[in-house]
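Trainee: Please choose one part of this model and take me through it slowly, from a single residue outwards. I would be glad if you explained each term when it comes up.

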Amino acid sequence: MSLSLEDVTRIALLSRIELSAGERENTREQLNGILGFIEQLQAVDTSGIAPMSHAVDVVQRLRPDIVTETDRRADFQALAPETEAGLYLVPQVIE
Amino acid sequence: MINASLKQLSAALAAKKLSAVEMATIFLDRIEKFNPALNAFITTDRAKTLAQARAADESRKVGAGGTAISPLCGIPLAHKDIFCTRGWRTTCGSKILADFVSPYDANVVEKLAAAGMVTLGKLNMDEFAMGSSNESSYFGPVKNPWDVSCVPGGSSGGSAAAIAARLTPAATGTDTGGSIRQPAALCGLTGLKPTYGVVSRYGMIAFASSLDQAGPMAKSAEDCTLLLNAMAGFDARDSTSLERTPEDYSRDLDKPLAGLRIGLPKEFFGEGMDTDVRAAVEAALTEYRKLGATTVEVRLPNSGLSVPAYYVIAPAEASSNLSRFDGVRYGHRAAEYDDLAEMYSRSRAQGFGAEVKRRILIGTYVLSHGYYDAYYLQAQKIRRLIAADFVAAFKDCDVIMGPTSPSVAFAFGAKSADPVQMYLSDIYTISTNLAGLPGMSLPCGFGNTQLANPMPVGLQIIGNWFGEAKMLNVAHQYQKVTDWHTRMPEKMR
């Protein structure tokens, strides 16, 4: 199948990537090129095959529920674009 | 000195022929001289490097408090800029992390520092390791030292170019679909991607978590062995790190190859491989037969599906992993926005480059409602078929061989206009990542179809799961009777 400009707009919204009106057509062409390439997977008969979700078959390890990290809030918040009183600042979400 | 093996560098330090500070200075001076033309390094910091070298000299002098001094103590190396390094900028080749100074070290960085290795700097790479030519880096393309009009391969292109130009004796790399092996081939080096789970991913910026694996890049298999011994091992902070008894990867280096069975996949020797690559690979196989190995044809019938399956699975995982870059806790934030949604989408639009955006969009699409089964689940089923092919093939052989890349290094711009053409340059390497198998590339000659300079060709060795010691043995025995791995570009002397 081939993506429409509306599809591209929806995927960009889901991806939280702003696309200008001028970028949309070019993006549509490139995505359709890639989707056309991966389309060949549809022709393969995979009935009865279990999906392989990881490179090795291991069970997720559990660890004891104890504190292993020290408090380094200042170090980590020093990287943030905007903080105040130990909190990350973002535009107001709730009126 | 610049062409010495890690073993020779170690011996020189042990015999006090020169200090770690003097050794680091030699390479720092070479970086200053040659890097402007190559763009292999994103960050260097002479003061930090020399402080580490002084500490290494001190350890060698006073001993390490009862424990043996690592043979790597005092030897310089450089890290791909995907590994977090405390106090050094870690950019992942992206604008979104252009000013990110990591508050912690990656496990690989910790381990090599604990061995006493001295960091020369951080190496350029394709943005978020997405690329096969190093043209997608925000910090500009890396040039191939053999011919600066050609790409070094990718995504570990800075690592490969820096070693090829002898700006560092060794480097770290990561390999999600061929990103250690393909640049190693295109720059004439030896590089190894271990079995998935052997080296910790902690502190390695995630691209596709079920495929990403770190490994060593250096001049020879013997060098890679020393590095892998220091890099491998269980780490509780990586949930997919494997709890295995530590191995000495050098244990089989000197074993003769008589009786070795080399599997040659029919699918790797068909159309699509350039004639000069084929000639060099065939000549290497002849050398292996002289060493007592036999070759047998094997089949990997689903390997042709590996590139399309990868371009569903890897973008799907990337779209999830890269959702963390939201301009809130670290990284680039747009200067102007009206609300939170716009802050996210504009920061990401400004911070990510074209290829990274494409993969996030594709990944989001194949995971979205109504398409998950048709694309993502189907690709995961095909991934199992590809892995099963290898299980069957390894019944008839000890290692698999073929070309690493279908061509020698190509010119800048040759494949950058068409993403699918670029994806196909990893056609021989991707299936091992999907299966979780170890793979390596070693130099086996030169090709030059249309280019002015002879360009290196890589021989790929694919091992069975946890077959690293065997692969290193197979590579080392070849390097004992050939000298391709000692060649360096004349202009870099």
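**A close look around B:Ser306**

Mentor: Apart from residues up to four places away in sequence, B:Ser306 touches B:Ile386, B:Ile430, B:Ser431 and B:Leu434, where touching, or being in contact, means that the C-beta atoms of two residues, placed from the backbone, lie within 7 Å. Before we go further, please keep in mind that this is a predicted model, in which local features need pLDDT of at least 70 and side-chain atom pairs count only at pLDDT 80 or more, while totals for chains, interfaces and linings use all residues. Residues are numbered from 1 along each chain as its sequence is written, and chains are lettered from A and ligands numbered from 1 in the order in which they are written.

B:Ser306 belongs to helix 9 of chain B; helices (H or I, at least four residues) and strands (E, at least two) are DSSP runs, numbered from the N terminus. With 27 other C-beta atoms within 10 Å, B:Ser306 is buried, a word that applies when 20 or more other C-beta atoms lie within 10 Å of a residue's own, whereas 12 or fewer make it exposed and anything in between partly exposed, with the C-beta atoms placed from the backbone. Along the chain, B:Gly177 is 129 residues away from B:Ser306, but their C-alpha atoms are separated by 9.8 Å.

Let us now follow helix 9 to another of its residues. The largest nonpolar core (a set of buried Ala, Val, Leu, Ile, Met, Phe, Trp, Tyr and Cys residues joined through C-beta atoms within 7 Å) has 161 residues, and B:Ala162 and B:Val312 are those with the most contacts inside it. Helix 9 of chain B gives the most to this core, with nine residues. If we leave aside neighbours within four places in sequence, B:Val312 is in contact with A:Ile38 and A:Leu41 of chain A, and with B:Val366, B:Tyr375, B:Tyr376 and B:Ala379 of chain B.

B:Val366 leads us to helix 11 of chain B, since it is among the buried residues of that helix. Ten of the 13 residues of helix 11 are buried, so this helix is largely enclosed by the rest of the structure. Those buried residues pack against helix 9 (306-321) and helix 12 (372-393) of chain B, together with helix 1 and helix 2 of chain A. The length of helix 11 (residues 354-366) can be checked as well: at 1.5 Å a residue, its 13 residues should span 18 Å, and its end C-alpha atoms are 19 Å apart, which agrees; the expected span is 1.5 Å times one less than the number of residues.

Since helix 11 has brought us to chain A, let us turn to the contact between the two chains. It takes 40 residues from chain A and 52 residues from chain B. Helix 1 (5-15), helix 2 (21-38) and helix 3 (73-77) of chain A each supply at least two residues of the side that touches chain B, and helix 2 gives the most, with six residues. By class, that side of chain A has 25 nonpolar, nine polar and six charged residues, where Ala, Val, Leu, Ile, Met, Phe, Trp, Tyr, Cys and Pro count as nonpolar, Asp, Glu, Lys and Arg as charged, and the others, Gly among them, as polar.

Chain A itself has three helices and two strands, which from the N terminus on run α-α-α-β-β. Buried residues make up 16% of its 95 residues, and its C-alpha atoms fill a box of roughly 55 × 45 × 25 Å, taken along the principal axes.

Back in chain B, strand 4 offers something to set beside the helices. Six of the six residues of strand 4 (residues 170-175) are buried, so this strand too is largely enclosed by the rest of the structure. B:Ala170, B:Thr172 and B:Thr174 point one way from the strand, while B:Ala171, B:Gly173 and B:Asp175 point the other way. Strand 4 pairs with strand 6 (residues 213-218) of chain B in the antiparallel sense over six bridges, pairing being counted when DSSP finds at least two bridges between two strands. Within this pair, B:Ala171 stands opposite B:Met217 in strand 6.
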